[in-house]
Amino acid sequence: MYVLELAFSDDPARLEARPAHRRLIQELHDQGVVVMAGPFADESGALVIFDVPDREAVDRIIAQDPYYKAPGVTIVSCREWSPIT
C-alpha cells in the first residue's frame, strides 16, 4: 500500500478540480484501488491510501487526475506503507 499526503493552500482554484477528483477517487475505491481518502478536519490537506503493487501505479493515478497538479494542491509525500491490521 501507499499513502499520499496532500497539503492545501488558500487558493480557491483547487476547488474547480475537486468534483472530478472525487468522482475518480470514488471509482478507484469501488475498484479496491483506493482504500480510504479524505481531507483533514482543518482542510489543510488530505490523505489517500492506495492498495497498489508499486510506486509506478501511484504515479499513473496521479498523472491521470488533474487535481494533484491544481493550484493550491501540493503533494507532501508518497510513502510505501505496511499496515499490520
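Is Arg14 buried or exposed? Arg14 is buried, with a relative accessible area of 7%. The legends below begin with the overall fold of this predicted model, then move in on single residues and come back to Arg14 and its surroundings.

**Figure 1. The protein chain has two helices and four strands.** Following the sequence, you will meet these elements in the pattern β-α-β-β-α-β. The C-alpha atoms fit in a box of roughly 35 × 20 × 20 Å along the principal axes. The radius of gyration is 12 Å, which agrees with the value near 12 Å for a compact globule of 85 residues. Of the contacts with a separation of 6 or more, 67% join residues 24 or more positions apart.

**Figure 2. The surface of the protein chain, and its charges.** The accessible surface is about 5,300 Å², and carbon and sulfur atoms hold 54% of that area. Buried residues make up 34% of the 85 residues. For anyone thinking about electrostatics, the chain carries 8 positive and 14 negative charges, and the mean positions of the two sets are 2 Å apart.

**Figure 3. The largest nonpolar core contains 22 residues.** The members that touch the most other members are Leu4, Leu6, Val48, Phe50, Val52, Val58 and Tyr68. Two or more residues of this core come from each of strand E1 (2-8), H1, strand E3 (45-50), helix H2 (55-64) and strand E4 (73-80).

**Figure 4. A close-up of Phe50 and its contacts.** Beyond its neighbours within four places in sequence, Phe50 is in contact with Met1, Tyr2 and Leu4, and also with Val33 and Val34. Val58, Ile61 and Tyr68 complete the list of its contacts. Leu4, Val58 and Tyr68 are named with Phe50 among the core members that touch the most others.

**Figure 5. His21 sits in helix H1 (residues 14-30).** His21 counts as buried because its relative accessibility is 9%, below the 20% cut-off. Leaving out residues up to four places away in sequence, His21 touches Asp65, Tyr67 and Tyr68. Leu4 is 17 residues from His21 along the chain, and the C-alpha atoms of the two are separated by 14 Å.

**Figure 6. Arg14 and its partners along the chain.** Like His21, Arg14 lies in helix H1. Neighbours within four places in sequence aside, Arg14 is in contact with Phe8 and Ser9, with Glu43, and with Tyr67, Ala70, Pro71, Gly72 and Val73. Two of these partners, Glu43 and Ala70, have legends of their own below.

**Figure 7. Glu43 in the loop between strand E2 (34-39) and E3.** Glu43 is partly exposed, with a relative accessible area of 36%. What is the phi of Glu43? It is positive, at about 60°, although Glu43 is not a glycine. As background for this view, most residues other than glycine have a negative phi. Glu43 is also one of the contacts of Arg14.

**Figure 8. Ala70 in the loop between H2 and E4.** With a relative accessible area of 8%, Ala70 is buried. Which residues does Ala70 touch, not counting those up to four places away in sequence? They are Arg14 and Ala17. Ala70 and Arg14 are 56 residues apart along the chain, yet their C-alpha atoms are separated by 5.3 Å.

Terms used: Residues numbered from 1 in each chain as written. Predicted model: local features only at pLDDT ≥ 70, side-chain atom pairs only at ≥ 80, totals over all residues. Heavy atoms only, no water. Buried < 20%, exposed > 50% of the residue type's maximum accessible area, 1.4 Å probe, protein only. Contact = heavy atoms within 4.5 Å. Rg over C-alpha atoms; globule rule 2.2 N^0.38 Å. Areas by Shrake-Rupley, 256 points an atom, 1.4 Å probe, with all protein chains shown as cover. Lys, Arg positive; Asp, Glu negative; His and termini not counted. Charge placed at Lys NZ, Arg CZ, Asp CG, Glu CD. Core = buried A, V, L, I, M, F, W, Y, C linked by side-chain atoms within 4.5 Å.
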